[in-house]
Amino acid sequence: MKAFGGLVLERQDVGTVVLRTDAGTLTVTNWAPGIVRVRIGDASVNDYGLVKAKAEPAPLTVAESDDEVSISI
């Protein structure tokens, strides 16, 4: 898999970061202690029901530069 290009931060909420990429929407969620969920694409199209636990969001830290976006828990 090649690196995503064209990263643009669309929104950031407590525990969730949504980025627009050349490959579609990238959503990173700090779901619960020890669980980070990464989703590429539209949730209505590719929700396989793998995560059944209720979310307990924890903050994420986002740092942007000209050529990268870093997400830390």
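In which strand is the place of Val36? In this predicted model, Val36 belongs to strand S4, and with a relative accessibility of 42% the residue counts as partly exposed. The points below take up the pairing of S3 with S4, the nonpolar core, the nonpolar surface patch, the loop around Pro57 and the salt bridges.

**The S3–S4 hairpin**

- Strands S3 and S4 run antiparallel and are joined by 6 bridges, one of the bridge partnerships being that of Leu26 with Ile40 in S4.
- The two strands form a hairpin in which 2 residues lie between them, and Gly34, in the turn, has a positive phi of about 85°.
- Thr29, a residue of strand S3, has a relative accessible area of 11% and is therefore classed as buried, since this value is under the 20% cut-off.
- When neighbours within four places in sequence are left aside, the contacts of Thr29 are Gly15, Thr16, Ile35, Val36 and Arg37, so that Val36, itself a residue of strand S4, appears among them.

**The nonpolar core**

- The largest nonpolar core consists of 6 residues, namely Val17, Leu19, Leu26, Val28, Leu60 and Val69.
- At least two residues of this core come from strand S2 (16-21), and at least two come from strand S3 (24-32).
- Leu60, one of the core residues, touches Gln12, Gly15, Thr16, Val17, Val28, Asn30, Ile71, Ser72 and Ile73 once residues up to four places away in sequence are not counted.
- Leu26 is likewise a member of the core, and its bridge partner in S4 is Ile40.

**The nonpolar surface patch**

- Val36, Val38, Ile40 and Ile73 make a nonpolar surface patch of about 380 Å².
- Why can Val36 be part of such a patch? Patch residues need over 30% relative accessible area, and Val36, a nonpolar residue at 42%, is above that cut-off.
- Two patch members also figure in the descriptions above: Ile40 of the patch is the bridge partner of Leu26, and Ile73 of the patch is touched by Leu60.

**Pro57 and its surroundings**

- Pro57 is found in the loop that lies between strand S4 (35-40) and strand S5 (61-64), and with a relative accessible area of 47% this proline is partly exposed.
- Apart from neighbours within four places in sequence, Pro57 is in contact with Val14, Gly15, Asn30 and Trp31.
- Although Pro57 and Asp13 are 44 residues apart along the chain, their C-alpha atoms are separated by 9.4 Å.
- Gly15 and Asn30, both in contact with Pro57, are also among the residues that Leu60 touches.

**Salt bridges**

- Across the whole structure, a search finds 2 salt bridges.
- Side chains of opposite charge can pair when their charged atoms come close.
- In the salt bridge between Arg20 and Glu10, the closest N and O atoms are 3.2 Å apart; this pair links distant parts of the chain, with Arg20 in strand S2 and Glu10 in strand S1 (residues 8-13), 10 residues apart.
- Both partners count as partly exposed, Arg20 at 42% relative accessibility and Glu10 at 46%.
- The side chains of Arg11 and Asp13 also meet in a salt bridge, with an N to O distance of 2.4 Å.
- Arg11, at 42% relative accessibility, is partly exposed, and Asp13, at 41%, is partly exposed too.

Methods: Residues numbered from 1 in each chain as written. Predicted model: local features only at pLDDT ≥ 70, side-chain atom pairs only at ≥ 80, totals over all residues. Heavy atoms only, no water. Helix = DSSP H or I, 4+ residues; strand = E, 2+ residues; numbered from the N terminus. Buried < 20%, exposed > 50% of the residue type's maximum accessible area, 1.4 Å probe, protein only. Contact = heavy atoms within 4.5 Å. Core = buried A, V, L, I, M, F, W, Y, C linked by side-chain atoms within 4.5 Å. Pairing = 2+ DSSP bridges. Patch = residues over 30% accessible without salt bridge, like charges linked within 9 Å, V, L, I, M, F, W, Y side chains within 5 Å. Areas by Shrake-Rupley, 256 points an atom, 1.4 Å probe, with all protein chains shown as cover. Salt bridge = Lys/Arg side-chain N within 4 Å of Asp/Glu carboxyl O.
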